[in-house]
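Trainee: I would like to learn how to read a protein model feature by feature, from cavities to helices to single residues. Could you take me through one with care?

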Amino acid sequence: MSLPVHHMIASGPQPVAPFSHAVEADGWVFVTGQMPTDPEAPDAPLPEGIEAQTRRVMANLKIVLDGVGLGFEHITMARIYLTEFQRDYAGLNALWPSFFAPGKLPARTTIGVSGLAVGALVEIDLVARRP
């Protein structure tokens with residue numbers, strides 16, 4: 001087993017806590033949960049609504065995955081955290097498949113939580129695997 005490699009992506013979102021953007025071990029890449037912040041304007045207001053925030057989170061996850069040479073097709077598992085589960089679950093589900101090739105959805109868990117950093121509605125973390 002190799003030692004973990006800790007990745008900080010220069011163009012990635014500004015961390016809201018002390019963490020690495022991703023940690024890699026033996027071909028597995030664990031991507032820290034991303035928030036709907038704009039990497040180019042981290043203090044800007046968050047996008048309005050679950051769809052816009054999900055798009056921003058997925059864009060941030062793409063930046064991190066790109067930074068380690070991977071893409072959405074390498075995702076094996078996603079965990080999604082929603083602060084307004086009942087209200088936002090259907091909207092998230094309607095949008096989610098658009099990020100992936102047909103029939104190639106990763107495994108997923110969606111969890112309702114009482115709060116997220118920066119007042120976000122959604123946070124998503126990932127596990128990916130190198131080919």
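**Cavity, helices and loops**

Mentor: By class, the residues that line the largest cavity are five nonpolar and five polar, with no charged residue among them. Please keep in mind throughout that this is a predicted model.

Trainee: What does rolling a probe over the atoms show?

Mentor: Rolling a probe the size of a water molecule over the atoms shows where empty space is left. In this structure the count comes to one cavity of 30 Å³ or more, and the largest cavity has a volume of about 60 Å³.

Trainee: Which residues line the largest cavity?

Mentor: The lining is made up of Pro-13, Gln-14, Pro-15, Val-16, Phe-19, His-21, Gly-33, Gln-34, Met-35 and Thr-37.

Trainee: Let us turn to the helices. What should the 19 residues of helix 1 span at 1.5 Å a residue?

Mentor: Helix 1, which takes in residues 49–67, should span 27 Å at that rise, and the C-alpha atoms at its ends are 27 Å apart, so the expected span and the model agree.

Trainee: Which residues of helix 1 are buried?

Mentor: Burial is judged by relative accessible area, with under 20% taken as buried. In helix 1 the buried residues are Ile-50, Gln-53, Thr-54, Val-57, Met-58, Asn-60, Leu-61, Val-64 and Leu-65. They cover an arc of only 160 degrees around the axis, and therefore lie on the same side of helix 1.

Trainee: What covers the buried residues of helix 1?

Mentor: The cover includes strand 2 (22–25), strand 3 (28–34), strand 4 (75–82), helix 2 (85–95) and strand 6 (122–129). Just after helix 1, Gly-69 takes a positive phi of about 80 degrees.

Trainee: How would I read helix 2 in the same manner, and which of its residues are buried?

Mentor: Here Asp-88, Gly-91, Leu-92 and Leu-95 are the buried residues of helix 2. They cover an arc of only 105 degrees around the axis, which puts them on the same side of helix 2. These buried residues pack against helix 1, strand 4 and strand 5 (107–112).

Trainee: Which residues are exposed on the other side of helix 2?

Mentor: On that other side, Gln-86, Ala-90 and Ala-94 are exposed. For Ala-94 the relative accessibility is 65%, and the cut-off for exposed is over 50%, which is why Ala-94 counts as exposed. The C-alpha atom of Ala-94 is separated by 17 Å from that of Gly-112, a residue 18 places apart from Ala-94 along the chain.

Trainee: Strand 5 was named as a partner of helix 2. What does Thr-110 touch?

Mentor: Thr-110 is found in strand 5. Not counting residues up to four places away in sequence, Thr-110 touches Ile-80, Leu-82, Phe-85, Tyr-89 and Leu-92. Leu-92 is also one of the buried residues of helix 2. The C-alpha atoms of Thr-110 and Ala-78 are separated by 8.4 Å, although these residues are 32 residues apart along the chain.

Trainee: Now to the backbone in the loops. What is phi of Asp-26 near, and where is the place of Asp-26?

Mentor: Phi of Asp-26 is near 50 degrees, which is a positive value in a residue other than glycine. Asp-26 has its place in the loop between strand 2 and strand 3, and with a relative accessible area of 38% it is partly exposed. Val-118, in the loop between strand 5 and strand 6, also has a positive phi without being glycine, with a value near 55 degrees. Val-118 is partly exposed, its relative accessible area being 44%.

Trainee: Is Ser-20, in the loop between strand 1 and strand 2, buried or exposed?

Mentor: Ser-20 counts as buried, at 18% relative accessibility. Leaving aside neighbours within four places in sequence, Ser-20 is in contact with His-6, His-7, Met-8 and Thr-32.

Trainee: Finally, what does Pro-4 touch?

Mentor: Pro-4 lies in the segment before strand 1 (5–7), and at 40% relative accessibility it counts as partly exposed. Not counting residues up to four places away in sequence, Pro-4 touches Val-23, Glu-24 and Ala-25. Between the C-alpha atoms of Pro-4 and Val-23 the separation is 6.4 Å, with the two residues 19 residues apart along the chain.

Note on methods: Residues numbered from 1 in each chain as written. Predicted model: local features only at pLDDT ≥ 70, side-chain atom pairs only at ≥ 80, totals over all residues. Heavy atoms only, no water. Helix = DSSP H or I, 4+ residues; strand = E, 2+ residues; numbered from the N terminus. Expected span 1.5 Å × (residues − 1). Buried < 20%, exposed > 50% of the residue type's maximum accessible area, 1.4 Å probe, protein only. Arc of directions from axis to C-beta. Contact = heavy atoms within 4.5 Å. 1 Å grid on protein atoms, 1.4 Å probe; cavity = no way out; pocket = protein on both sides within 12 Å on 5 of 7 lines; lining within 4 Å. Points joined across faces, edges and corners; volume = space filled by probe spheres on them. Nonpolar A, V, L, I, M, F, W, Y, C, P; charged D, E, K, R; others polar.
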